[in-house]
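Hi,

Here is the structure I promised to pass on. Have a look at it first, and then read on for my notes.

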2 protein chains.
Amino acid sequence: MVKLDFAKSVDGLLPAIVQDAETGDVLMLAYINDESWCKTLETGKAHFWSRSRNKLWLKGESSGHVQVVKDIFVDCDQDTVVFKVEQLGGAACHKGYRSCFFRRVTDGELEVLGVPVFDPAKVYG
Amino acid sequence: MVKLDFAKSVDGLLPAIVQDAETGDVLMLAYINDESWCKTLETGKAHFWSRSRNKLWLKGESSGHVQVVKDIFVDCDQDTVVFKVEQLGGAACHKGYRSCFFRRVTDGELEVLGVPVFDPAKVYG
């Protein structure tokens, strides 16, 4: 199995960039430890380490918006990965947008681009 | 100016994903602190915090492969950014490849895709 250099970060977590396999849009960034890395490789579904809940996190376990991993790329230093995914449910962001990066810096302010795909209150209760 | 939540990380650094503005390819990931964030906004050239050299880092300061920032996106938690750039010199990776993510996980191994754009020994001396 491909080993990553988890010792490179102070907290043992490495960033995983999630990119739409079809459009190339960056959907989100989350963190992985060795357990979530192995789970992702084993299952083909994106798993992360939740820093807020301090536990293994199958993306979509609450919302159903699982990310089916089509390809994985590893960077030159083996301390960052890209998951190319099919985003089930149409949205990666817990605020209901397709991408977490739904705001652009425009004239020194954050401008919201796009509209939410779902209502977070309905999905997360 | 747009403020990021640098307190979210244990070392005060946040990840910046660098994406080719034209092709959507993810070129690299590096880290920013407040100083490099402000420098990027002020100059329109990607600046990072070098964790290995522990200093402000204008990407391309050694290689000439500066990244001209076309757009900046900020995520929902204000703890990750995407720089959409024009990559001067054709390559972002210090190993000479266009992208740092030049290896794909294939059958449990790392498979090199693509060929180097430049010879690192000639660029970095």
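Below is what I found, going from the pairing of the chains down to single residues.

One thing to keep in mind throughout: this is a predicted model.

**How the two chains relate**

Two copies of a chain are related by a rotation about an axis and a shift along it. Here, chain B lands on chain A after a rotation of 180 degrees with 0.0 Å of shift along the axis, and the RMSD is 0.0 Å. That makes the relation a two-fold axis. If you want to find the axis by eye, look for B:G24: in chain B its C-alpha is the nearest to the axis, at 2.7 Å. The copies meet through the same surface, because 100% of the interface residues of chain B are also interface residues in chain A.

**A sheet built from both chains**

Next, look for an open sheet of six strands, ordered β8(A)-β7(A)-β5(B)-β6(B)-β1(B)-β2(B), with mixed pairing. At its edges stand β8 (109-112) of chain A and β2 (26-32) of chain B; each has a single partner strand, so one side of each has no neighbour in the sheet. From one strand to the next, the twist averages 35 degrees.

At the chain B end, β1 (residues 14-20) and β2(B) pair antiparallel over six bridges. To get your bearings there, start at B:V18, whose bridge partner in β2(B) is B:M28.

Helix α1 (residues 34-43) of chain B packs on this sheet, where it touches β7 (103-106) of chain A as well as β2, β5 (67-74) and β6 (81-87) of chain B. Its direction makes about 115 degrees with that of β5(B). The buried residues of α1(B) are B:S36, B:W37, B:C38 and B:T40. They pack against β7 of chain A and against several strands of chain B, including β3 (47-50) and β4 (55-58). Just after the helix, B:G44 has a positive phi of about 75 degrees.

**What is inside**

In soluble globular proteins, nonpolar side chains tend to be buried together. In this model the largest nonpolar core has 72 residues, and A:W37, A:F83, B:W37 and B:F83 have the most contacts inside it. Setting aside neighbours within four places in sequence, A:F83 is in contact with residues including A:W37, A:I17, A:V18, A:F48 and A:I72.

Which residues does B:F101 contact? Beyond its neighbours within four places in sequence, B:F101 is in contact with residues of chain A, among them A:I17, A:F73 and A:V82, and with B:V26, B:L27, B:M28 and B:L29. B:F101 is in the loop between β6 and β7 (103-106) of chain B, and with a relative accessible area of 7% it is buried.

A polar residue worth a click is A:Q67, in strand β5 (residues 67-74) of chain A. A:Q67 counts as buried because its relative accessibility is 0%, and its side chain makes a polar contact of 2.8 Å with that of A:Q87.

**Two backbone oddities**

Two residues that are not glycine have positive phi:

- A:Q78, at about 55 degrees, is in the loop between β5 and β6 (81-87) of chain A and is partly exposed, with a relative accessible area of 22%.
- B:N54, near 55 degrees, is in the loop between β3 and β4 of chain B and is exposed, at 56% relative accessible area.

Cheers

Definitions and conventions: Residues are numbered from 1 along each chain as its sequence is written. Chains are lettered from A and ligands numbered from 1 in the order in which they are written. This is a predicted model: local features need pLDDT of at least 70, side-chain atom pairs count only at pLDDT 80 or more; totals for chains, interfaces and linings use all residues. Side-chain values use heavy atoms; hydrogens and water are left out. Two strands pair if DSSP finds at least two bridges between them. Helices (H or I, at least four residues) and strands (E, at least two) are DSSP runs, numbered from the N terminus. Axes are lines fitted to C-alpha atoms, for helices over the stretch in contact, and angles run from 0 to 180 degrees between N-to-C directions. Contact means heavy atoms within 4.5 Å. Copies are superposed by least squares on the C-alpha atoms of residues with pLDDT of at least 70 in both. A nonpolar core is a set of buried Ala, Val, Leu, Ile, Met, Phe, Trp, Tyr and Cys residues joined through side-chain atoms within 4.5 Å. Buried means under 20% relative accessible area, exposed over 50%, partly exposed in between (1.4 Å probe, protein chains only). A polar contact is a pair of N or O atoms within 3.5 Å; within protein, one must be able to donate a hydrogen and the other to accept it, and residues adjacent in sequence count only if both atoms are side-chain atoms.
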